[in-house]
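Biologist: I'd like to talk through a model with you. Could you put it up so we can go over it piece by piece?

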Amino acid sequence: MQGQKREQWASKFGFILAAAGSAVGLGNIWKFPYVTGQNGGAAFVVIYLIAVLIVGFAVMVGEFAMGRLTQKNIVGTYTQLQGRNWGWIGWLGVFCGIVILSYYSVIGGWTIRYLVSALGGVSHFASEGGAGQFFSKFTQNGKEVLLYQGLFMLLTMVVVFRGVASGLERWCKALMPALIVLLIVLVIRSVTLPGAAAGVSFYLKPDFSKVTGTTVMAALSQAFFSLSLGLGTMLTYGSYLRKDVDLPKSALQICALDTFVAVMAGLVVFPAAFAFNVQPGAGPGLSFVTLPVLFAKVPLGQVWAFCFFVLLFLAALTSSISMLEIPVAYLLDRGWSRPKASTLMAIIIFVIGIPSAIGDSLGWSLFGKDIISAGSYLSDSILMPFGGLMICLVAGWFKRGSVLTEAGLGASKALTSFWFFLVRYVAPVAIIAVFLSGLKG
Ligand code: TRP
């Protein structure tokens, strides 16, 4: 905004936490386990790790550096670096953020439903049957899902309304350590259940014979989703960043933390799923059916369940905040006020999300999938990899001089050169190859 100083993170630590807060969310605890389950288990996990290291890390540093270089939102960044004709790539990112948040808020609403339910005890979750029934009864009840989605959007809006330093940073500080501690406790409970061993081996013993182009594409899409890449979230966060922060190192830390949480979530979900006879390929309900049964089986289960869903809700909130921040940052740069921009965008996204919330109960479908899967296919498998590829091209080729300098400020030479090699050659080739093979496979 002209004449007004751009908002900045209060501290470097605050930035790392906010970026990690964006990355760690439902993608780790809800999506990663079910996508792993649908794609055959351990081999998918291995491919996912490779995707994070060679593509995710490369794109993340690219986004941070481009945002900090231009001090602008994603549309402004492309226009400034590449000229007016490139603005649409930024727009595509803004659009994709809106699509994701429209269904993400529905799942965010589920977490609120579950934490409310935990208040009433966990005995109705005592078996796979009970938990499965609760899940399908709830998701089939369009009005209720919509109500919780609205509540989730409202809370997201309130935080974004208040701005980066006071809003985003503060939320992220206590959350991450608490989530990790709770996950560790749950891993221990889950792997010691009778019958858990089959789940552990499904999750950790790879069988590469089942890997197809689709598996690799699912892993890459999941990496983009989980690390919040390809549509300008990390770029926007980079634009609020001081020049003395080491970008490659920060990105490495954020990737490591995000991956750790996802891997731990799988280690909670799969042993428990096998122990309770929940199908690992059960789809979006996997975590929401398996975890409640687990809680019903531990002493003080109600307390654990409540704490867990509160944390999951907060993790989802710090991610949804970061998605709402993309279009809001664009409007701020156009001279809008924060309250006006966040309120308007939250309302629009809520309305776009209505079909995702009630689609299940009405049996709606789009491109032969349910509404949420259709939205996530469009965003994760097409728009995000495309956005990531564009980041690689600008950072590694078109504006390589200035982006490389920006990425190297205060950073180790070796890591910066490693990043540059990845972003220039490895990541773009990998994205294109995976995309082509995924289309065929
Ligand atoms: N990474 C988040 C998660 O794992 C979701 C998310 C937040 C996101 N911001 C994003 C995904 C931007 C893509 C782009 O839950």
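What follows is a chat about the fold, the surface, the aromatic pairs and a few individual residues.

Biologist: Before we dig in, what kind of model is this, and how many helices and strands does the protein chain have?

Modeller: Keep in mind that this is a predicted model. As for secondary structure, the count for the protein chain is zero strands and 18 helices.

Biologist: How does the radius of gyration of the protein chain sit against the globule rule?

Modeller: For 441 residues the globule rule gives 22 Å. The protein chain is close to that, so it is as compact as a globular protein of that length. Its C-alpha atoms fill a box of roughly 60 × 50 × 40 Å along the principal axes. The radius of gyration itself is 21 Å.

Biologist: What share of the contacts with a separation of 6 or more comes from residues 24 or more positions apart?

Modeller: For some background on packing, 60% of the 441 residues count as buried. Among the contacts you're asking about, the share from residues 24 or more positions apart is 83%.

Biologist: What about the surface: how much of the exposed area do carbon and sulfur atoms supply?

Modeller: The protein chain exposes about 16300 Å². On the charge side, there are 29 positive and 15 negative side chains, with the centres of the two sets 4 Å apart. Back to your question, the carbon and sulfur share of the exposed area is 68%.

Biologist: Let's do aromatics. How is the pair of F32 and F44 arranged?

Modeller: There are 29 aromatic pairs in the count, and F32 with F44 is one of them. The ring centres are 6.4 Å apart and the planes make an angle of 45°. F32 sits in helix α2 (residues 26-38) and F44 in helix α3 (residues 42-70), twelve residues apart, and both are buried. The arrangement of the pair is tilted.

Biologist: And F202 with F270: how many residues apart in sequence are the parts that this pair ties together?

Modeller: With centres 5.3 Å apart and planes at 50°, this pair is tilted. F202 counts as buried at 18% relative accessibility, and F270 counts as buried at 0%. F202 lies in helix α9 (residues 197-204) and F270 in helix α12 (residues 247-275), so the parts tied together are 68 residues apart.

Biologist: Which residues does T36 touch, leaving out those up to four places away in sequence?

Modeller: T36 belongs to helix α2 and is buried, at 0% relative accessible area. Three of the phenylalanines we just went through turn up in its list. The residues T36 touches are G41, F44, V45, F202, Y203 and F270.

Biologist: Which residues do ring pairs link into a cluster?

Modeller: That cluster mixes Trp, Tyr and Phe residues. Its members are W110, Y114, F125, F134, F135, F288, F295, F308 and F309.

Biologist: Now α4: which helices do its buried residues pack against?

Modeller: Seven of the nine residues of α4 are buried, so it is largely enclosed by the rest of the structure. Those buried residues are I74, V75, G76, T77, Y78, L81 and Q82. They pack against α3, α5 (87-119), α11 (233-239), α14 and α16 (371-398).

Biologist: How far apart in space are D333 and G76, C-alpha to C-alpha?

Modeller: D333 is in helix α14 (residues 301-333) and is partly exposed, at 23% relative accessibility. G76 is among the buried residues of α4. Along the sequence D333 and G76 are 257 residues apart, but in space their separation is 8.3 Å.

Biologist: Which residues is L49 in contact with, leaving aside its neighbours within four places in sequence?

Modeller: L49 is in helix α3, and with a relative accessible area of 39% it is partly exposed. Its C-alpha atom is 39 Å from that of K143, 94 residues away along the chain. Its contacts are T259 and V263.

Biologist: Last one: N277 has a positive phi without being a glycine, so is N277 buried or exposed?

Modeller: Phi of N277 is near 60°, and the residue is found in the loop between α12 and α13 (286-296). Q71 also has a positive phi, about 60°, and is partly exposed at 30% relative accessible area. For N277 the relative accessible area is 62%, and that makes it exposed.

Note on methods:
Residues numbered from 1 in each chain as written. Predicted model: local features only at pLDDT ≥ 70, side-chain atom pairs only at ≥ 80, totals over all residues. Heavy atoms only, no water. Helix = DSSP H or I, 4+ residues; strand = E, 2+ residues; numbered from the N terminus. Rg over C-alpha atoms; globule rule 2.2 N^0.38 Å. Buried < 20%, exposed > 50% of the residue type's maximum accessible area, 1.4 Å probe, protein only. Contact = heavy atoms within 4.5 Å. Areas by Shrake-Rupley, 256 points an atom, 1.4 Å probe, with all protein chains shown as cover. Lys, Arg positive; Asp, Glu negative; His and termini not counted. Charge placed at Lys NZ, Arg CZ, Asp CG, Glu CD. Phe/Tyr/Trp six-rings, centres within 6.5 Å; stacked < 30°, edge-to-face > 60°.
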